[in-house]
Structure formats: C-alpha cells, structure tokens
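This briefing concerns a structure with bound ligands. It treats the ligand surroundings, followed by selected local features.

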Amino acid sequence: MRKIIGERQRCKLATKIVIGAQWGDEGKGKIIDILAQESDVVARSQGGNNAGHTVEADGVEYKLRLTPSGILNPETTCVIGNGVVVDPKVLLGEIDMLKEKGVSADNLKIDLRAHIIMPYHIVLDGLMEKARGKSDIGTTKNGIGPCYSDKAERIGIRFADLIDEEIFPERVRENVEKKNKLITKIYDGEPLDAEKIIEEYTQYAKRLKKYAADTSVILYNAIKAGKKVLFEGAQGTLLDLDLGTYPYVTSSHPISGGVCIGTGIGPTLIDECVGVMKAYVTRVGKGPFPTELFDEVGDKIREVGHEFGTVTKRPRRCGWFDAVIGRFGVRTSGLTSIVLNKIDTLSGIGNLKICTAYKKDGELIYDFPASLTELAKCEPVYIEMPGFDEDISKVRSFDELPEAVKNYVKKIEELCDCPVSMVGVGPGRDQNIVR
Ligand code: GDP
Ligand code: IMO
Ligand code: MG
C-alpha cells in the first residue's frame with residue numbers, strides 16, 4: 001500500500017476527468033483528442049451511443065459515439081468501462097469506419113461488466129417515447145434508458161454473458177419472452193424473434209471477444225505505474241440522472257462522480273477534473289432551458305455554430321451562457337478548471353449577455369433549482385457586455401484576443417468561481433488557446 005502512495009506522489013496530476021458541464025455537445029471530443037496525445041489510457045465510463053463526439057484531426061472529421069476519442073492516438077489504450085452501455089452492432093460499425101480511415105482499434109478494451117444494448121431496448125425506447133405523447137423526453141431512441149433500467153432491475157445482459165456461448169442464448173430467450181409481453185400487450189408493438197437475435201449477436205460476440213478485459217485492473221495498474229490516464233465524459237451535467245433536469249435527463253451519471261462507479265476506480269485516485277462548456281448554451285431534446293433564445297440571435301448561433309445533433313441531426317436549442325449552470329457544474333463535479341469552447345461562434349452577433357442569477361417571485365436565486373416547477377418560474381437575470389466582430393479562429397494566444405473576448409472569458413471565470421484553462425476558437429486540434 002505504501003509503495004502505491006509513493007508512486008502516486010511522484011506522478012502528480014496524472015489522472016484527469018473531462019466532463020460536459022452543460023447539456024452535452026460542449027466539444028468534449030475535441031478536448032479529449034488533444035489531451036489523449038499525451039495520455040497512456042483514455043476511458044469512457046458511462047452512456048453509450050447516445051453520445052456523438054466530433055473530432056477533427058489533420059482535416060479529417062471523425063464522429064465517435066462509443067469508442068473513446070483517444071482512439072486516434074495509436075499509442076493510447078482505449079477503455080470502454082463497466083458503466084458504459086454497449087450496442088455491439090454500432091461499435092463494430094465504428095471499428096470498421098475507423099479502419100477505413102486508417103485508424104486501428106487494436107488498442108481497445110471493453111469491460112466484461114459493461115451492459116449490452118439489445119434490440120428490445122431499442123424497440124422499447126421508441127415505443128415508450130411514443131406512448132409518452134406530449135410528455136416525451138426526446139431521447140436518441142438508441143435503447144439507452146431501457147438498457148440501464150434492465151441493469152437496475154438485474155436482468156441485463158453483460159459483455160461477459162454476450163461472449164459466453166452457453167449462457168447467452170439462455171439469457172436472450174428469457175429476456176425476449178418477457179419483453180415481447182411488454183411490447184405487444186402494453187405498447188401494441190411487433191414481437192421479436194429470440195433465435196434471430198441469438199444468431200446475429202453471436203456473430204458480433206465472435207468479433208468483439210478479443211477486446212474483452214477487466215478494465216478496472218488495467219486502469220488501476222496504469223495509475224499505479226504513474227501513467228497518464230484520462231477519463232472521457234459523455235453527455236453533460238444537466239443530463240445526469242440524479243442531478244440533472246429530471247425527468248429530461250439521460251439514464252447514467254455524466255458528472256465526475258459517475259467516473260468512479262463507471263470505471264471501478266476510487267475517487268482518491270483522481271487528480272484533476274476539467275469541465276467543458278460552450279461560450280453559450282445548447283440543448284437537444286425536451287426540458288427546461290432558462291436562457292433559451294427564440295429570436296434571430298439564437299438562429300444565428302445555431303447556423304454559425306453548426307448546432308445540429310451529431311447522432312440525430314436534430315437542431316440544437318441555443319441560448320446565452322448561464323453562470324448559474326456553470327456554478328452548478330463546478331460544484332457537482334468539483335471542477336478544477338473550465339475549457340470554454342466555441343467562443344469564435346459569437347463573433348458578429350452584437351452585445352453578449354451572461355445570465356448571472358435567476359429571479360423568482362422577486363427573489364434572486366444563485367443556485368440551480370432542484371424542482372422543475374420552481375425552475376419554470378425562474379427568469380434569467382442578465383449582464384450585458386460588448387461583443388466583437390473579429391474573426392478569432394486564427395488567434396493562438398490569449399493576449400492577442402480582442403479586449404471584448406478577454407473580458408467575456410474573465411467574467412465567466414469570476415461568475416463560475418473557477419479558472420478557464422483553455423479557450424476554443426475553432427473545431428480543429430490546433431484551434432485552442434491554452435492559458
Ligand atoms: P461533444 O459531444 O461534447 O464531443 O461535442 P460535439 O462533437 O457533439 O459538438 C461540438 C461541435 O463543436 C463539434 O462539431 C466540434 O467539432 C465543434 N467544436 C468544438 N470546439 C469548437 C470551437 O472552439 N469552435 C468551433 N467553431 N467549433 C468547435
Ligand atoms: P454528448 O456526449 C446532448 C439527451 C437526448 C435527450 C436525453 C435522453 O454528445 O454530449 P437518451 O437517449 O440518453 O435516453 O436521451 O439526453 N442526450 C444528449 N444531448 N449530447 C449528448 O451526448 C446526449 N446524449 C443524450 O437528446 O434529451
Ligand atoms: Mg455530442
């Protein structure tokens with residue numbers, strides 16, 4: 001034990017978590033790809049192919065949904081941790097896509113405890129959304145919620161089961177029988193054929209078996225050996241099942257605490273926690289959004305920032321930067337720094353607004369409310385700052401940024417009570433300003 005502590009002291013700041021600190025799509029993929037170039041291991045801990053992380057490297061765009069964004073670095077071991085839900089078909093499609101672009105997935109490890117998204121999860125996601133009618137969540141319909149529900153109900157199929165030729169058919173038959181009752185009797189849908197699923201998924205298992213591992217051991221040994229380990233968040237703080245805008249959330253834990261459970265690594269082994277934010281806010285799907293813009297400014301941000309879903313192509317709702325949300329991210333994930341992306345998108349839109357607090361029944365509220373009823377009554381309180389018209393996409397030092405941009409960044413730092421360590425001025429690997 002002493003020996004481990006000794007080694008950890010020598011490799012200070014070797015483990016880093018990067019999470020989304022808003023409603024997802026903050027540009028996590030780009031940051032992970034950059035940090036992965038100096039990391040030995042990159043691990044995903046939660047979510048599944050509801051995530052869509054765009055990485056632009058050497059002029060080539062990669063849209064990654066399940067594979068950690070570190071995959072582009074051939075030296076990096078990439079881990080899909082126990083907390084991730086894996087759609088084998090999507091993962092194999094991604095591995096093939098990478099291969100076509102000359103990227104090998106040989107350094108991928110999938111945890112044996114990770115749960116598998118089965119066809120009935122995808123069917124049920126769609127049917128349940130339809131049945132919710134006007135109260136739908138706006139899920140990605142990828143089976144994420146139903147898969148996590150089965151995990152909690154303790155009837156899920158794990159990666160260890162998928163690659164076990166004896167157990168897998170049995171588990172599928174049991175589950176399909178139950179789910180078919182639900183699909184046909186409650187949701188009026190078409191039943192699924194267990195034998196067809198077994199045949200198809202057995203083929204996936206054969207191809208994926210070589211990636212199987214107990215990844216908590218891999219991560220622990222890497223940390224113990226003083227290697228650099230990066231934990232890649234998916235989704236964002238306000239989509240967290242416990243702390244987000246429930247029920248308009250995903251079914252996993254995107255906040256930093258989720259990393260420990262989703263990778264089997266204890267909190268004392270984590271050194272840094274970086275929160276990725278956009279210089280404004282976006283949201284896909286339904287749910288409250290206090291600073292949402294319904295005017296031409298919102299349309300311009302969507303157009304200039306290409307704010308359309310990576311996975312579903314849905315237009316993202318856009319709004320002003322919200323420091324109440326920023327502080328919430330800093331608090332709930334214990335952020336040690338902020339990466340502020342896409343500030344270039346705000347060029348030419350006139351004065352910039354930042355929400356500093358909410359006002360409800362004449363009272364100022366500084367902490368993000370737990371109750372959606374209370375949140376619905378909240379009006380954003382804004383400060384207005386001078387905007388900028390310059391193209392800043394080629395600027396590489398903070399000092400060279402227009403005064404208005406510098407002041408905007410400093411104000412966000414002050415309001416969120418957390419330093420901004422990096423500013424994004426474009427989608428490319430090199431389009432960042434490190435402070
Ligand atoms: P993620 O899910 O958090 O990884 O984010 P997405 O990839 O879904 O969405 C972020 C989008 O913004 C992607 O298309 C990125 O290429 C792009 N992007 C990231 N950082 C910047 C930036 O600083 N400026 C601009 N203009 N685009 C960026
Ligand atoms: P990345 O990692 C933005 C949203 C969906 C929906 C809600 C629940 O790219 O930031 P789900 O399919 O998870 O049950 O849908 O969560 N959502 C995301 N929004 N970015 C994501 O991931 C998201 N993953 C899920 O739009 O509102
Ligand atoms: Mg995304």
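Which protein donors bind the magnesium ion (ligand 3), and in what range of distances do they lie? The protein donors are D25 (OD) and G52 (O), at 2.0 to 2.2 Å from the ion, where donors are N, O and S atoms within 2.8 Å of the metal (3.2 Å for Na, K and Ca), and water is not among the atoms, so sites may look incomplete. This pair links distant parts of the chain, the two residues being 27 residues apart.

This is a predicted model, in which local features need pLDDT of at least 70 and side-chain atom pairs count only at pLDDT 80 or more, while totals for chains, interfaces and linings use all residues. Residues are numbered from 1 along each chain as its sequence is written, chains are lettered from A and ligands numbered from 1 in the order in which they are written, and side-chain values use heavy atoms, with hydrogens and water left out.

**Magnesium donors**

- D25 lies in the loop between β1 (15-20) and α2 (28-36), and G52 in the loop between β2 (41-44) and β3 (53-57); helices (H or I, at least four residues) and strands (E, at least two) are DSSP runs numbered from the N terminus.
- D25 is partly exposed, with a relative accessible area of 22%, whereas G52 is buried at 10%; buried means under 20% relative accessible area, exposed over 50%, and partly exposed in between (1.4 Å probe, protein chains only).
- Although D25 is not a glycine, its phi is positive, at about 60°.

**Ligand 1**

- Ligand 1 is surrounded by 19 residues, of which K28, G29, G52, T54 and D344 are the closest; a residue is near a molecule or strand if one of its heavy atoms lies within 4 Å of it.
- Oxygen atoms of ligand 1 have polar partners at 2.8 Å from a backbone N or O atom of K28, at 2.8 Å from a side-chain N or O atom of T54, and at 3.2 Å from a side-chain N or O atom of R316; a polar contact is a pair of N or O atoms within 3.5 Å, and within protein one must be able to donate a hydrogen and the other to accept it, with residues adjacent in sequence counting only if both atoms are side-chain atoms.
- On its own, ligand 1 has 590 Å² of accessible area, and the protein covers 92% of it; accessible areas come from the Shrake-Rupley method with a 1.4 Å probe, and for residues only the protein chains shown count as cover.
- α2 and β3 each supply at least two residues of the shell, and the largest share, three residues, comes from α2.
- By class, the shell of ligand 1 holds two nonpolar, 10 polar and seven charged residues; Ala, Val, Leu, Ile, Met, Phe, Trp, Tyr, Cys and Pro count as nonpolar, Asp, Glu, Lys and Arg as charged, and the others, Gly among them, as polar.

**R316**

- R316 is placed in the loop between α11 (296-304) and β13 (317-319), and it counts as buried at 6% relative accessibility.
- The side chain of R316 reaches the backbone oxygen of F308 at 3.5 Å.
- Not counting residues up to four places away in sequence, R316 touches residues including D25, K278, R302 and E307; contact means heavy atoms within 4.5 Å.

**Ligand 2**

- Around ligand 2 there are 20 residues, and D25, K28, H53, T140 and T250 come nearest.
- Oxygen atoms of ligand 2 lie 2.9 Å from a side-chain N or O atom of N50, 2.6 Å from one of T140, and 2.8 Å from a polar backbone atom of Q235.
- Taken alone, ligand 2 exposes 550 Å², of which the protein buries 97%.
- The shell of ligand 2 divides into seven nonpolar, 10 polar and three charged residues.

**Helix α10 and backbone geometry**

- Six of the eight residues of α10 (residues 256-263) are buried, namely S256, G258, V259, C260, G262 and T263.
- These buried residues pack against β1, β2, α9 (215-224), β10 (229-232), β11 (272-278) and α12 (323-333).
- G264 follows α10 and has a positive phi near 70°.
- The peptide bond from Y246 to P247 is cis, with omega near 5°, and P247 is placed in the loop between β10 and α10.
- R154, which is not a glycine, has a positive phi of about 65°; R154 is exposed, with a relative accessible area of 73%.
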